[in-house]
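Okay, thanks everyone, I'll keep this short. Let me put the structure up and we'll go through it together.

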Amino acid sequence: MPFRTKGASLAVLAYAEVAAMSLWFSASAVMPALREEVALSAFQQSAFTSAVQAGFVAGSLTSAFLALADRIDPRLFFTISALVAATANALILTVDPTSPVVLVLRFITGACIAGIYPVGMKIAASWAKGDLGLLVGLLVSALTFGSAMPHLVNGLIVVDWRWTIAVTSLLAVSSAVAIRSAGSGPLMTVGARFDPGAALWAWKLPALRLANFGYFGHMWELYAAWAWLGVFLDASFRLVMDEGAAITWARLATFATIAVGSAGAFAAGVLADKVGRTMVTSIAMAVSGICSLTVGLFFGGPPLLLIAVCLLWGVSIIADSAQFSASVAELSNRYLVGTMITLQTAIGFLLTLVSIHLMPVFVDLVGWTWAFAPLALGPAFGIWAMLKLRAHPDSVKLAGGRR
């Protein structure tokens, strides 16, 4: 039986998100170790992450077109998605790591996450009562920590990269069990009729369009940074310490950089409900954009200094994420919240396919010193969009009029 109270339901939901989202970077986290075992091209290395992104986009667009997040019981949708994703992830252990089958399995994993992340957002939003920013911030905190989890497992279990795949698959199974106990709040709506034109509202309404633009700028930076941070740190640390220490420090520093974003997302959620969503998102993007421009300047420098810069980047780069979803939820028809959030994330993740695959090109052209700098274009665009939204009359719908 699901819990009836808000606190217990959200606690279960947070755990389920942490456990399920550990699948996202399960293969990417083991990349340095995998490269020592098999030969992987730059494209294959990027594809370990981008295949998940592509799957998520395909799954999200399908879900948005069919309005699945607003027509199916969210706990059932989440459960099935988590179990299929866990199975696909575990099957990686049965094939050659260089086989195209791995990318197919990663694609399936991503497609199933479309039934986990946006659906979790909808469940969290159903409990909102003047604290929507906090609730979705809590959920993104869980997502962020879950995304970092493979790097922790990989850093602590150094015997074989296969253990990371196995552990994250088991975590996803546990999420499918846990979500059955998460209750839905009084604002939950299920059973919306199928309307293939519903997704167009994301572009018809100017305020909603600007909120989406802000999210797209944010996403241009986020996953390219997360996907390549471990490789960047590994290469930097190898210049100043022995190989064994460099590998371990890179894994743990990557985990810390991504995981610390949980605190950023939670704090931003609290602030956004009090001072406004457009203000919080703009400040967060300004800080993360500056970090993108400057983090490469510390490449090969003192490890602790580089880690400190990365931690600041980790806090700011995800702090704004939940507030774009909250903005869409507040600007949308309440019966289409699930669809609008799903569509937003689908297009945002589509952009990540470009930035993730451009990173090796940037490294070849300008080296690690400036490779992350082009990612700052995303936050710059996002700040413009959110400031435009702040000036729009419909912005009074955000955070109880605090914009």
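So, Val104: buried, exposed, or somewhere in between? This is a predicted model, by the way. The relative accessible area of Val104 comes out at 47%, and because anything from 20% to 50% counts as in between, we call Val104 partly exposed. As for where it sits, Val104 belongs to helix H6.

Val104 also has company out there. Together with Ile72, Leu76, Ile80, Val84, Phe107 and Ile108, it makes up a nonpolar patch on the surface. Add up the accessible area of that set and you get about 530 Å². Which helices feed into the patch? Helix H5, 74-90, and helix H6, 100-113, with at least two residues from each. And a general reminder: an α-helix has 3.6 residues a turn, so residues three or four places apart point the same way.

Next, the inside. How many cavities of 30 Å³ or more do we get? The answer is 4. I'd like to look at the second largest, which holds about 50 Å³ of space. Its lining includes Tyr117, Leu143, His218, Met219, Ile318 and Phe349. Helix H11, residues 206-237, is the top contributor to that lining, with 5 residues.

Last stop, helix H9, which runs over residues 162-178. From first C-alpha to last, its 17 residues reach 25 Å, close to the 24 Å you'd expect at 1.5 Å a residue. Several residues of H9 are buried, among them Thr164, Ile165, Thr168, Ser169 and Ala172. Further along H9, Ser175, Ala176 and Ala178 are buried too.

Definitions and conventions: Residues are numbered from 1 along each chain as its sequence is written. This is a predicted model: local features need pLDDT of at least 70, side-chain atom pairs count only at pLDDT 80 or more; totals for chains, interfaces and linings use all residues. Side-chain values use heavy atoms; hydrogens and water are left out. Patches are made of residues with over 30% relative accessible area and no salt bridge: like charges are joined within 9 Å, nonpolar side chains (Val, Leu, Ile, Met, Phe, Trp, Tyr) within 5 Å. Accessible areas come from the Shrake-Rupley method with a 1.4 Å probe; for residues, only the protein chains shown count as cover. A salt bridge is a side-chain nitrogen of Lys or Arg within 4 Å of a carboxyl oxygen of Asp or Glu. Helices (H or I, at least four residues) and strands (E, at least two) are DSSP runs, numbered from the N terminus. Buried means under 20% relative accessible area, exposed over 50%, partly exposed in between (1.4 Å probe, protein chains only). The expected span of a helix is 1.5 Å times one less than its number of residues. On a 1 Å grid over the protein atoms alone, a cavity is a set of points where a 1.4 Å probe fits but cannot get out, and a pocket is an open set with protein on both sides within 12 Å along at least five of seven lines; lining residues have an atom within 4 Å of a point. Grid points are joined across faces, edges and corners, and a volume is the space filled by probe spheres set on the points.
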